Amino acid sequence: MAKKLFTAGVINATPFNNRAMVAPMTRISASETGVPGEIVQRYYASFARGGFGGVISEGLYVDQAWSQTYAFQPGIVTDEQVEGWRKVVDAVKSQGAVFIAQLIHGGALSQANIYRRSTVGPSAVQPVGQQLGFYHGQGDYALPEAMSEEQIQQAISAFAASAARAVNAAGFDGVEIHSANGYLLDQFLTDYTNQRTDRWGGDIEARLGLTLAVIKAVRAQIGPDAILGVRISQGKVNDFHHKWKEGKAGAAKVFALLQAAGVDYIHVTEYQAWKPAFSDGEQTFAAIAREAAPDTVLVVNGGLDTGDLAEEQLEQGADFVAIGKAALANHDWPTRVAEKAPLRALPENVLSPVANIKPDEV
C-alpha cells in the first residue's frame, strides 16, 4: 500500500479519509436549463463509494448572463439548480467523501450559452483554436466584447453569490474558483488575451487581480470555515501548450499572492505533472507552487493515472492528488490501488456522461 495516499488529510479543519480527490471534469450531463438530475447523483456518488476522500465537481456556471460555458452544463444560480445539487451533495456525503463545488465563468470560450448569444472577455481578442466539438461546439470562437468595469464587478458578485448558494443552500463543503484552462479568470491572467490598460491589465500581478478580487468576495460570503480553493494552470483547452512568458519568477509570484489572499488550497494542473514547468528549468509546476506557497495546501493534477505516480507527487510535497481520466475509467480507483488490483483502461467513449458508471457502482 502506498505510504501517504491512504493517510487522512485535512483542509481548513475539514477531514478527508485519504489524499485522493476526483478532479473536476466537464460532463455536460445536466438538463438544458442547468439542473443536475438522477444521472448526476449516481455519477458523483459512485466516486465516493469507490473510495475517494474528496470530490471536486465539474465547473458550475455562476450567472444567467455570460458565464455558461457549454451546453447541458449545470449551474448554481436558480432555486431549481440548487435543489438538484442538494440531492447530489447528500448522495456524495452520505458515502463519506468531502464534496467541493467548482465555480466557472467561460468568458470568451463560452459556447452554446442559453442566456446570451455574445461572449465577453478581458479584451476584444479572438480566442485561438476552435470550439470543442465533443461539447457541442462548432467552428471558431466568437470575438468577445471587452468587459466594462460594471460587467467585471457583476462577474465578481456572481462568483460570490453562487459560492454562498453552493455552501449555505446546497451543502457543499466548500468551493474551488476555476482560474485555469483558458476560462475567464485565466483569460485575465494570460498576457495575450488581456490587453487592458486599466487596473485589470499590465504585469502578471495586475492580471491576477480579478482572481484575487473573486477570492476576497467569495470568502466574505462563505465565511472562514468553508473550504476555499483555486485552480491554476498554464495550458488551456484551446491552447494546450501555452507557457507563462514570465517563467518561474512569474509563477512564484502568482502562487505567493494566492497564499497571501488566504485560499485554503491551490490546485495546480499540467498535462503531465512530473515534467518541468518551463523549458529553461527542471522544477515542476507543483514544485514551484510548493516553494512559493509553503503554508497552503497543494493539490496536484496531471496524468497521475497510477498509484505510483500519485504517491510520487505526495512524496515530493503535494498534500493531495486529483485524479481525472483514470477516475472516469475507474470510479473505484482508490480501492483498486489499495488492493493492487488492475486498473481499467480508458474506454473510447469516455466523454459520454454515463459511459463509465458501471452497474456495480450505481
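The legends below describe close-up views of salt bridges and nonpolar cores in a predicted model.

**View 1. Salt bridge between Glu-83 and Arg-86 in helix α2.** Glu-83 and Arg-86 form a salt bridge whose closest N and O atoms are 2.0 Å apart. Both residues belong to helix α2 (residues 79-93), where a spacing of three residues separates them by about one helical turn. Glu-83 is partly exposed, at 34% relative accessibility. Arg-86 is likewise partly exposed, with a relative accessible area of 29%. By the rule applied to the model, the count comes to 12 salt bridges.

**View 2. Salt bridge between Glu-246 and Arg-207.** The side chains of this pair meet at 2.8 Å, N to O. Glu-246 lies in the loop between β9 (227-236) and α7 (247-261), and Arg-207 lies in helix α5 (residues 204-207), so the salt bridge ties together parts that are 39 residues apart in sequence. Glu-246 is partly exposed, with a relative accessible area of 24%. Arg-207, at 3%, is buried, because the limit for that class is under 20% relative accessible area.

**View 3. Salt bridge between Glu-291 and Lys-248.** In this pair the closest N and O atoms are 3.6 Å apart. Glu-291 in helix α8 (residues 285-292) and Lys-248 in helix α7 are 43 residues apart, and the pair links distant parts of the chain. Lys-248 is partly exposed, with a relative accessible area of 39%.

**View 4. Network of Asp-332, Arg-336 and Arg-344.** These three residues are joined into one network by salt bridges that share partners. Side chains of opposite charge can pair when their charged atoms come close.

**View 5. The largest nonpolar core, with Trp-85.** This core has 85 residues, of which Trp-85, Val-175, Phe-255 and Leu-258 touch the most other members. Helix α3 (residues 149-169) gives the most to the core, contributing eight residues. Not counting residues up to four places away in sequence, the contacts of Trp-85 include Pro-36, Val-40, Tyr-44, Glu-58 and Leu-60. Also among the residues touched by Trp-85 are Pro-74, Gly-75, Ile-76, Phe-99, Ala-170 and Phe-172.

**View 6. A second nonpolar core.** Separate from the largest core, this set comprises 13 residues. Among them are Phe-16, Met-21, Val-299 and Phe-320. In soluble globular proteins, nonpolar side chains tend to be buried together.

Terms used
Residues numbered from 1 in each chain as written. Predicted model: local features only at pLDDT ≥ 70, side-chain atom pairs only at ≥ 80, totals over all residues. Heavy atoms only, no water. Salt bridge = Lys/Arg side-chain N within 4 Å of Asp/Glu carboxyl O. Helix = DSSP H or I, 4+ residues; strand = E, 2+ residues; numbered from the N terminus. Buried < 20%, exposed > 50% of the residue type's maximum accessible area, 1.4 Å probe, protein only. Core = buried A, V, L, I, M, F, W, Y, C linked by side-chain atoms within 4.5 Å. Contact = heavy atoms within 4.5 Å.
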